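Look over the chain shown here before reading on. The report moves from the whole fold to single residues.

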Amino acid sequence: NHSGKVYCWDHHMKLSLRTAIQDPVVSRSFKPFTGLLSVMNEYSIILASRLVTSTSADISEDVLSYIKKKHDRLNLPPPVVWYTDNCCSDSIVTKYFPNVKLKKDVSHIIEGYAKTVSIKHHMFSDYKKAV
């Protein structure tokens, strides 16, 4: 299945920590990428995946353009919901899929909540076990 009704994208930054290139001229290694941007549907099928040099809109737009062209070429219906870690900055999705509903990814909601919960709170250990 090449599409779905629900899409989710995320930048995976930890992957870039494991990616390095050795420059033979100066005998140093460097990291050419900051992360991996991937888009999946509700069936856990990866629709697009790109090593990226930043989280900027132009790189996200490249991935969106690719997905939109694939939809047009295969005459696929647009997604209905698009989950993201940042609804505000990811509003560029609506440029390609105007009627899509942007929603914050549940894992990022929980992650944000966990950052606000004090480690010193008497219920913190119970919360951590539940998550």
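What follows describes the overall layout, the nonpolar core and a few buried positions.

**Overall layout**

The model is predicted. Its secondary structure consists of four helices and seven strands. In sequence order the pattern reads β-β-β-β-β-α-β-α-β-α-α. The chain has 131 residues, and 31% of them are buried. About 8,800 Å² of the chain is exposed, with carbon and sulfur atoms supplying 58% of that area. Take the contacts between residues at least 6 apart in sequence: 44% of these join residues at least 24 apart.

**The nonpolar core**

The largest nonpolar core holds 17 residues. Those with the most contacts inside it are W9, V39, L64, I67, W82, V93 and F97. Five elements each supply at least two residues of this core: β1 (6-12), β4, β5, α1 (57-74) and α2 (93-96). Helix α1 gives the most, with four residues.

I67 shows some of the links. Beyond its neighbours within four places in sequence, I67 is in contact with Y7, V39, A48, W82 and F97.

**Three buried strand residues**

V52, T84 and N41 are set side by side below.

| Residue | Strand | Relative accessible area |
|---|---|---|
| V52 | β5 (residues 46-52) | 2% |
| T84 | β6 (residues 81-84) | 0% |
| N41 | β4 (residues 35-41) | 5% |

Why does V52 count as buried? Its relative accessible area is 2%, and buried means under 20%. Outside its neighbours within four places in sequence, V52 is in contact with H11, F33, T34, G35, L36, L37 and I59. L37 lies 15 residues from V52 along the chain, yet their C-alpha atoms are separated by 6.6 Å.

T84 and N41 both take part in side-chain interactions. T84 is buried, with a relative accessible area of 0%. Its side chain makes a polar contact with the side chain of W9, at 3.2 Å. W9 is also listed among the residues with the most contacts inside the largest nonpolar core.

N41 is buried too, with a relative accessible area of 5%. Which backbone atom does the side chain of N41 reach? The partner is the backbone nitrogen of Y43, at 2.9 Å.

Definitions and conventions: Residues are numbered from 1 along each chain as its sequence is written. This is a predicted model: local features need pLDDT of at least 70, side-chain atom pairs count only at pLDDT 80 or more; totals for chains, interfaces and linings use all residues. Side-chain values use heavy atoms; hydrogens and water are left out. Buried means under 20% relative accessible area, exposed over 50%, partly exposed in between (1.4 Å probe, protein chains only). Contact means heavy atoms within 4.5 Å. A polar contact is a pair of N or O atoms within 3.5 Å; within protein, one must be able to donate a hydrogen and the other to accept it, and residues adjacent in sequence count only if both atoms are side-chain atoms. A nonpolar core is a set of buried Ala, Val, Leu, Ile, Met, Phe, Trp, Tyr and Cys residues joined through side-chain atoms within 4.5 Å. Accessible areas come from the Shrake-Rupley method with a 1.4 Å probe; for residues, only the protein chains shown count as cover.
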